[in-house]
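The exercises below work through a two-chain structure. Each gives a task and then a solution in steps.

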Amino acid sequence: MPALTEALISLLIVLGGVFGLVGSFGLIKLRDTMQRLHGPTKATTLGIGCVLIASMLYFIAVKGSVSFHELLITLFLFLTAPITANSIAKTYIIRNVGKKELPATGRRHGWSVYEDPPGAPESQPSPDVRAEA
Amino acid sequence: MITVAMLTAFGCFGLGLLFCLWRIAIGPDASDRILALDTMVINVIALLVLYGIWNGTAVYFEASMLVAMVGFVSTVAYCRFVLRGDIIE
């Protein structure tokens, strides 16, 4: 393996480790749940992206063949991280922020946490677990 | 050089797992615990990929893909359970 490739792979692995550590450290360092949401969803996803790119380069350099598994994992993680963050933020809102404290949306429909989507059948149970809080 | 880099990264992700465990233990709210579990899954995926490089085999990519899928589905299911009180409506 050429020394330049090795240096690049090592740099990417160390960078990934540092990003992962920073993201996980943000989880215990930051004060509020909404602040803590930033660390794992951004820094840790970037860290694992670095590690997967390093792995891809390593297997190209050693075996000479491109493997697409890493690309699949990267794509999957980068697609699912925002969905996860959105779900967790909604969970936090419905447990800790009341319906009255949220600012007005300025549209005909209110916050999706507390209201059914437009056009939903009326028979669905309304999700106001803590609506009176 | 790669050996030293990988040992560093193993240490970083292992320490990150311990931080996540601490947040799961003390987390004041359920959303904190869900977030810490999701971060734990991401750290485990990184450890699996690094272990695959360490052994020079591509077997662990299938495992990490499966861990990623199970982690995502479990996080969303937990969130939906807290949000709606039900997982499959």
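**Exercise 1. Annotated spans in chain A**

Which residues of chain A does the UniProt annotation "transmembrane region" (unreviewed entry) cover? Describe the secondary structure of chain A as well.

Solution. The model is a predicted one.

Step 1. According to UniProt, in an unreviewed entry, the "transmembrane region" annotation covers residues 6–28, 40–60 and 72–93 of chain A.

Step 2. Chain A has four helices and zero strands, and its pattern along the sequence is α-α-α-α.

Step 3. Residues 6–28 of chain A are 100% helix and 0% strand, with 34 Å between the end C-alpha atoms. Residues 72–93 of chain A are likewise 100% helix and 0% strand, and here the end C-alpha atoms lie 32 Å apart.

Step 4. Of the 133 residues of chain A, 42% count as buried. Among contacts in chain A with a separation of 6 or more, 49% join residues 24 or more positions apart.

**Exercise 2. Annotated spans in chain B**

State which residues of chain B UniProt lists for "transmembrane region", and give the secondary structure of residues 6–22 and 34–54.

Solution.

Step 1. The unreviewed UniProt entry lists residues 6–22, 34–54 and 60–83 of chain B.

Step 2. Residues 6–22 of chain B are 100% helix and 0% strand, and their end C-alpha atoms are 24 Å apart.

Step 3. Residues 34–54 of chain B are 100% helix and 0% strand, and the end C-alpha atoms of this span lie 30 Å apart.

**Exercise 3. The interface**

Describe the interface of chain A and chain B by its extent, its polar links and the composition of the chain A side.

Solution.

Step 1. Contacts link 53 residues of chain A with 47 residues of chain B. The buried area between the two chains is about 4,300 Å², and carbon and sulfur atoms give 77% of that area.

Step 2. Two salt bridges are found across the interface. In one of them, the side chains of Asp32(B) and Arg36(A) meet at 2.9 Å, N to O. The count of residue pairs in polar contact between the chains is seven, with both residues at pLDDT 80 or more.

Step 3. On the side of chain A that touches chain B, α1 (3–29), α2 (33–36), α3 and α4 (69–96) each supply at least two residues. The largest share, 17 residues, comes from α4(A).

Step 4. By residue class, this side of chain A divides into 31 nonpolar, 15 polar and seven charged.

**Exercise 4. Two threonines**

Are Thr44(A) and Thr39(B) buried or exposed? Place each in its helix and list its contacts beyond four places in sequence.

Solution.

Step 1. Thr44(A) is part of helix α3 (residues 38–63) of chain A, and Thr39(B) is part of helix α2 (residues 30–55) of chain B.

Step 2. Thr44(A) counts as buried because its relative accessibility is 0%, under the cut-off of 20%. Thr39(B) is buried because its relative accessible area is 0%.

Step 3. Within chain A, Thr44(A) touches Phe19(A), Gly20(A), Gly23(A), Ser24(A) and Gly39(A). From chain B, Thr39(B), Ile42(B) and Asn43(B) touch Thr44(A).

Step 4. Thr39(B) is in contact with Ser24(A), Leu27(A), Pro40(A) and Thr44(A) of chain A, and with Cys20(B) of chain B. Ser24(A) thus appears in the contact lists of both threonines.

Step 5. The side chain of Thr39(B) also reaches the backbone oxygen of Leu35(B), at 2.7 Å.

Terms used. Residues numbered from 1 in each chain as written. Chains lettered and ligands numbered in written order. Predicted model: local features only at pLDDT ≥ 70, side-chain atom pairs only at ≥ 80, totals over all residues. Heavy atoms only, no water. Buried < 20%, exposed > 50% of the residue type's maximum accessible area, 1.4 Å probe, protein only. Contact = heavy atoms within 4.5 Å. Buried area = accessible area lost by both parts, 1.4 Å probe. Salt bridge = Lys/Arg side-chain N within 4 Å of Asp/Glu carboxyl O. Polar contact = N/O pair within 3.5 Å; in protein donor to acceptor, adjacent residues only side chain to side chain. Nonpolar A, V, L, I, M, F, W, Y, C, P; charged D, E, K, R; others polar. UniProt positions renumbered as here; feature names shortened; annotations may be inferred.
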